[in-house]
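Biologist: I'm new to this one, so could you put it on the screen and walk me through it?

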Amino acid sequence: MKSLAVIPRELARQDAEQAIDFYLSEAGPDVALAFIDALDATYRQIDDNPGGSSPRWGHDLNLPGLRSQKLKRFPYLVFFIERADHVDVWRILHAERDIPSWLQGGEEASI
């Protein structure tokens, strides 16, 4: 397996920052750090095997190549597309969120 750089888009970075801020304010620094560790582990897992992640949302939303990977211990999904030279991370969304609604604007609408 080739190793690809996992590169989050600006919205994905903002999603992660919002989740970290939430955990800092609601659960404390230990939980926020655990979220960061889980996100890093998920990025490594995606890097090791991007094709092993779920294509469900890609099929449901008719976005070929869109995959998602759940964070361990946290209700978040990392949405990404494998490119020739990197993994393009679109969003990091809470699993209870209305997932299709994030496609209605901006840069995410184009693959």
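**A walk through the fold**

Biologist: In what pattern do the helices and strands follow each other along the sequence?

Modeller: Keep in mind that this is a predicted model. The protein has 3 helices and 4 strands. Reading along the sequence, you get the pattern β-α-α-α-β-β-β.

Biologist: And in what order do the 4 strands sit in the sheet?

Modeller: The sheet is open, and its pairing is mixed. One parallel pair is β1 with β4, joined over 4 bridges, with Ala-5 opposite His-86 in β4. Across the sheet, the order is β1-β4-β3-β2.

Biologist: Which strands stand at the edges, and why is one side of each left without a neighbour?

Modeller: In general, strands of a sheet pair through backbone hydrogen bonds, either parallel or antiparallel. Here, two strands each have a single partner strand, so one side of each has no neighbour in the sheet. Those edge strands are β1 (5–8) and β2 (66–70).

Biologist: By how much are neighbouring strands of this sheet turned against each other on average?

Modeller: Here we ignore the direction of the strands and look at the average for neighbours in this sheet. That turn comes to 35°.

Biologist: Which helix lies across β1, β2, β3 and β4?

Modeller: Let's take two helices in turn. Helix α1 (residues 10–26) lies across β1, β3 (76–82) and β4, at about 40° to β4. The one lying across β1, β2, β3 and β4 covers residues 29–48 and runs at about 30° to β3. That is helix α2.

Biologist: Let's zoom in on Asp-88: is this residue buried or exposed?

Modeller: Asp-88 lies in strand β4 (residues 86–94). The cut-off for buried is under 20% relative accessible area. Asp-88 has 7%, so the residue counts as buried.

Biologist: Which side chain does a polar contact of 2.9 Å join to that of Asp-88?

Modeller: Leaving aside neighbours within four places in sequence, Asp-88 is in contact with Ile-7, Arg-9, Phe-79, Phe-80, Ile-81 and Arg-83. The side chain of Asp-88 also has a polar contact of 3.4 Å with that of Trp-90. The 2.9 Å polar contact goes to the side chain of Arg-9.

Biologist: Back to the whole protein: what percentage of the residues count as buried?

Modeller: The accessible surface comes to about 6200 Å², and 51% of it belongs to carbon and sulfur atoms. For burial we go by residues, and the protein has 111 of them. The buried share is 41%.

Notes: Residues numbered from 1 in each chain as written. Predicted model: local features only at pLDDT ≥ 70, side-chain atom pairs only at ≥ 80, totals over all residues. Heavy atoms only, no water. Buried < 20%, exposed > 50% of the residue type's maximum accessible area, 1.4 Å probe, protein only. Areas by Shrake-Rupley, 256 points an atom, 1.4 Å probe, with all protein chains shown as cover. Polar contact = N/O pair within 3.5 Å; in protein donor to acceptor, adjacent residues only side chain to side chain. Contact = heavy atoms within 4.5 Å. Pairing = 2+ DSSP bridges. Axes fitted to C-alpha atoms, helices over the stretch in contact; angles between N-to-C directions.
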